[in-house]
Amino acid sequence: MAYVISDECIACGACAAECPVGAITEGDGKFVINADECLDCGACASACPVEAPKAE
Ligand code: SF4
Ligand code: SF4
């Protein structure tokens with residue numbers, strides 16, 4: 001289980017600042033979550049202004 005960032009992402013970076021394990025990095029036009037590092041904590045979803053991170 002991991003969170004995944006949808007195409008709604010506006011690349012603001014708020015989620016990356018909140019992730020406790022640094023699993024979120026800037027990708028091509030949006031931010032991406034490393035599924036191997038994600039703890040499924042939901043902090044990124046809470047921080048996101050457009051609800052782009054979704055629980056898979
Ligand atoms: Fe990081 Fe938690 Fe979001 Fe996973 S769910 S990417 S651990 S903030
Ligand atoms: Fe994208 Fe939301 Fe993260 Fe901002 S907080 S970079 S909009 S997923």
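This is a guided tour of a predicted model, arranged as a series of selections to make in the viewer.

**Ligand 1**

Begin by selecting ligand 1 together with the residues around it, and you will find that 13 residues surround this ligand. The closest of them are C19, C38, C41, G42 and C44, and these are good residues to label before going on. If you colour the shell around ligand 1 by class, eleven of its residues are nonpolar, one is polar and one is charged.

**Ligand 2**

Now move to ligand 2, which is surrounded by 14 residues. Here the closest are C9, C12, G13, C15 and C48. Coloured by class, the shell around ligand 2 divides into 13 nonpolar residues and one polar residue, with no charged residue in it.

**The nonpolar core**

Hide the ligands for a moment and look for the largest nonpolar core, which has 14 residues. Select I5, C15, I24, F31, I33 and C44, since these are the residues with the most contacts inside the core. The elements that give two or more residues to this core are strand 1 and strand 3. As background to this stop, nonpolar side chains tend to be buried together in soluble globular proteins.

Stay with the core and select I24 by itself, then show what surrounds it. Which residues does I24 contact, leaving aside its neighbours within four places in sequence? The list consists of I5, C15, A16, C19, F31, V32, I33 and C44.

Next select I33, which is found in strand 3. Is I33 buried or exposed? With a relative accessible area of 16%, I33 is buried, because the limit for a buried residue is under 20%. Beyond its neighbours within four places in sequence, I33 is in contact with Y3, V4, I5, A23, I24, C38 and C44. You can also draw a distance from the C-alpha atom of I33 to that of A16, and although these residues are 17 places apart along the chain, the two atoms are separated by 8.9 Å.

**Strand 1 and the loop after it**

One of the contacts of I33 is V4, so select V4 next, in strand 1. Unlike a buried residue, V4 is partly exposed, with a relative accessible area of 38%. Not counting residues up to four places away in sequence, V4 touches I33, A52, P53, K54 and E56. For a second distance, the C-alpha atoms of V4 and E26, which are 22 residues apart along the chain, are separated by 13 Å.

Follow the chain from strand 1 into the loop that leads to helix 1, where S6 is found. At 17% relative accessibility, S6 counts as buried. Apart from its neighbours within four places in sequence, S6 is in contact with K30, A52 and K54, and two of these residues, K30 and K54, return at the next stop.

**Two salt bridges**

How many salt bridges does a search of the whole structure find? The search finds two, and each can be shown by displaying a pair of side chains.

For one of them, select K30 and D7, whose side chains meet in a salt bridge with an N to O distance of 3.5 Å. K30 lies in the loop between strand 2 (24–26) and strand 3, while D7 lies in the loop between strand 1 and helix 1, so the pair ties together parts that are 23 residues apart in sequence. Turning on the surface, you can compare K30, which counts as partly exposed at 22% relative accessibility, with D7, which counts as exposed at 70%.

For the other, select K54 and E8, which form a salt bridge whose closest N and O atoms are 3.6 Å apart. This pair links distant parts of the chain, with K54 in strand 4 (residues 53–55) and E8 in the loop between strand 1 and helix 1, 46 residues apart. Both ends count as partly exposed, K54 at 35% relative accessibility and E8 at 44%.

**Two residues with positive phi**

Finish with the backbone, and select A11, in the loop between strand 1 (3–5) and helix 1 (14–18). A11 has a positive phi of about 55 degrees although it is not a glycine, and this residue is partly exposed, with a relative accessible area of 29%.

The last selection is D40, in the loop between strand 3 (31–33) and helix 2 (43–47). The phi of D40 is near 65 degrees, again a positive value in a residue other than glycine, and D40 is partly exposed, with a relative accessible area of 30%.

Methods: Residues are numbered from 1 along each chain as its sequence is written. Chains are lettered from A and ligands numbered from 1 in the order in which they are written. This is a predicted model: local features need pLDDT of at least 70, side-chain atom pairs count only at pLDDT 80 or more; totals for chains, interfaces and linings use all residues. Side-chain values use heavy atoms; hydrogens and water are left out. A residue is near a molecule or strand if one of its heavy atoms lies within 4 Å of it. Ala, Val, Leu, Ile, Met, Phe, Trp, Tyr, Cys and Pro count as nonpolar, Asp, Glu, Lys and Arg as charged, and the others, Gly among them, as polar. Helices (H or I, at least four residues) and strands (E, at least two) are DSSP runs, numbered from the N terminus. Buried means under 20% relative accessible area, exposed over 50%, partly exposed in between (1.4 Å probe, protein chains only). A nonpolar core is a set of buried Ala, Val, Leu, Ile, Met, Phe, Trp, Tyr and Cys residues joined through side-chain atoms within 4.5 Å. Contact means heavy atoms within 4.5 Å. A salt bridge is a side-chain nitrogen of Lys or Arg within 4 Å of a carboxyl oxygen of Asp or Glu.
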